[in-house]
Amino acid sequence: MARFTPEELQAARDRVVPDVVAEGLHVLFCGINPGLMTAATGHHFARPGNRFWPVLHRSGFTPRLLKPSEQQELLSYGLGITNVVARASARADELSAEEYREGGRLLAAKVERLRPRWLAVVGVTAYRAAFDDRTARVGPQSRTIGDTRVWVLPNPSGLNAHWTAETMAEEFARLREAAGA
């Protein structure tokens, strides 16, 4: 794991990681919030133990394994990335309930503006907190945002031991098939 000086930590916490978005995407993936490695590099899901990029490839969304630094290439596949909460932190449990609710409100406005076919929130706990849906499970949701359908995916963090890379890839592939991506 990378070690940060106190100054680097503060700079990472203060940095806003730009979205990778465009109008009319097939799928807009939505992380919980940027981790410190993501904030430091400006690349989504940058922490080496995060399984997002390998799972994205394994599920057939991308023809090859992309590096976080190649995130802009996602747009050519009709894919994008944003976050529920913009503030970087070492762990998602540092976020407040109010940050999740406000993040959900801002995310809904972003989705209404960009109109992706699917919003894919990676992390059922984040989805539940952001949209006040305590019964949500991994998979397609009944909720829509405008014409955008919503799918909850497992959190690809290496800390999520309930899902293997293979079972995550199977769930991501279900979304890919539904999205026609």
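Student: Leaving aside its neighbours within four places in sequence, which residues is Ala-178 in contact with?

Tutor: Contact means heavy atoms within 4.5 Å. With that rule, and with neighbours within four places in sequence set aside, Ala-178 is in contact with Trp-118 and Trp-151. Before going on, a word on the ground rules: this is a predicted model, where local features need pLDDT of at least 70 and side-chain atom pairs count only at pLDDT 80 or more, while totals for chains, interfaces and linings use all residues. Residues are numbered from 1 along each chain as its sequence is written, and side-chain values use heavy atoms, with hydrogens and water left out.

Student: Where does Ala-178 lie?

Tutor: In helix H6. Helices (H or I, at least four residues) and strands (E, at least two) are DSSP runs, numbered from the N terminus.

Student: Which class of exposure does Ala-178 get from its relative accessible area?

Tutor: The scale is this: buried means under 20% relative accessible area, exposed over 50%, and partly exposed in between, with a 1.4 Å probe and protein chains only. Ala-178 has 42%, so this residue is partly exposed.

Student: Now the sheet. In what order do the 5 strands stand?

Tutor: Strands of a sheet pair through backbone hydrogen bonds, either parallel or antiparallel. Here two strands pair if DSSP finds at least two bridges between them. The order is E2-E1-E3-E5-E4, in an open sheet with mixed pairing. E2 and strand E4 (139-145) are at the edges with a single partner strand each, so one side of each has no neighbour in the sheet. Averaged over neighbouring strands and with direction ignored, the turn of one strand against the next is 25°.

Student: How many bridges join E1 to strand E3?

Tutor: There are 4, and E1 and E3 (residues 118-122) run parallel. One to look at is Val-27, whose bridge partner in E3 is Trp-118.

Student: Which strands does helix H4 touch as it packs on the sheet?

Tutor: For directions, axes are lines fitted to C-alpha atoms, for helices over the stretch in contact, and angles run from 0 to 180 degrees between N-to-C directions. H4 (residues 97-114) touches E1, E2, E3, E4 and strand E5 (148-153), and makes about 80° with the direction of E4. H6 (residues 165-179) also packs on the sheet, touching E1, E3, E4 and E5, with a direction about 170° from that of E5.

Student: Which residues of H4 are buried?

Tutor: Tyr-100, Gly-103, Gly-104, Leu-107, Ala-108, Lys-110, Val-111 and Leu-114. The arc is that of the directions from the helix axis to the C-beta atoms. For these residues the arc is only 165°, which puts them on the same side of H4. Their packing partners are E1, E2, E3, helix H5 (124-131), E4 and E5. Glu-112 and Arg-113, on the other side of H4, are exposed.

Student: And what comes just after H4?

Tutor: Arg-115, with a positive phi of about 55°, although this residue is not a glycine. Arg-115 is in the loop between H4 and E3 and, at 52% relative accessibility, counts as exposed.

Student: How many of the residues of E2 are buried?

Tutor: In a regular strand the side chains alternate between the two faces of the sheet. In E2, Leu-79, Ile-81 and Asn-83 point one way while Gly-80 and Thr-82 point the other, and 5 of its 5 residues are buried. E2 runs parallel to E1, joined by 5 bridges, and Gly-80 in E2 stands opposite Leu-28.

Student: How many aromatic pairs are there?

Tutor: Rings of Phe, Tyr and Trp (its six-membered ring) pair if their centres lie within 6.5 Å; planes under 30 degrees apart count as stacked, over 60 as edge-to-face and the rest as tilted. That gives 8 aromatic pairs. Phe-29 and Phe-61 are edge-to-face, at 5.3 Å centre to centre with 85° between the planes. This pair links distant parts of the chain, 32 residues apart: Phe-29 is in strand E1 (residues 27-31) and Phe-61 in the loop between helix H3 (52-58) and strand E2 (79-83). Both Phe-29 and Phe-61 are buried. Phe-45 and Phe-52 have ring centres 4.0 Å apart and planes at 15°, so they are stacked. One aromatic cluster is formed by Phe-29, Phe-45, Phe-52, Trp-53, Phe-61 and Phe-172.

Student: Where does Phe-45 lie?

Tutor: In the loop between helix H2 (36-41) and H3. Phe-45 has a positive phi of about 50° although it is not a glycine, and with a relative accessible area of 12% this residue is buried.
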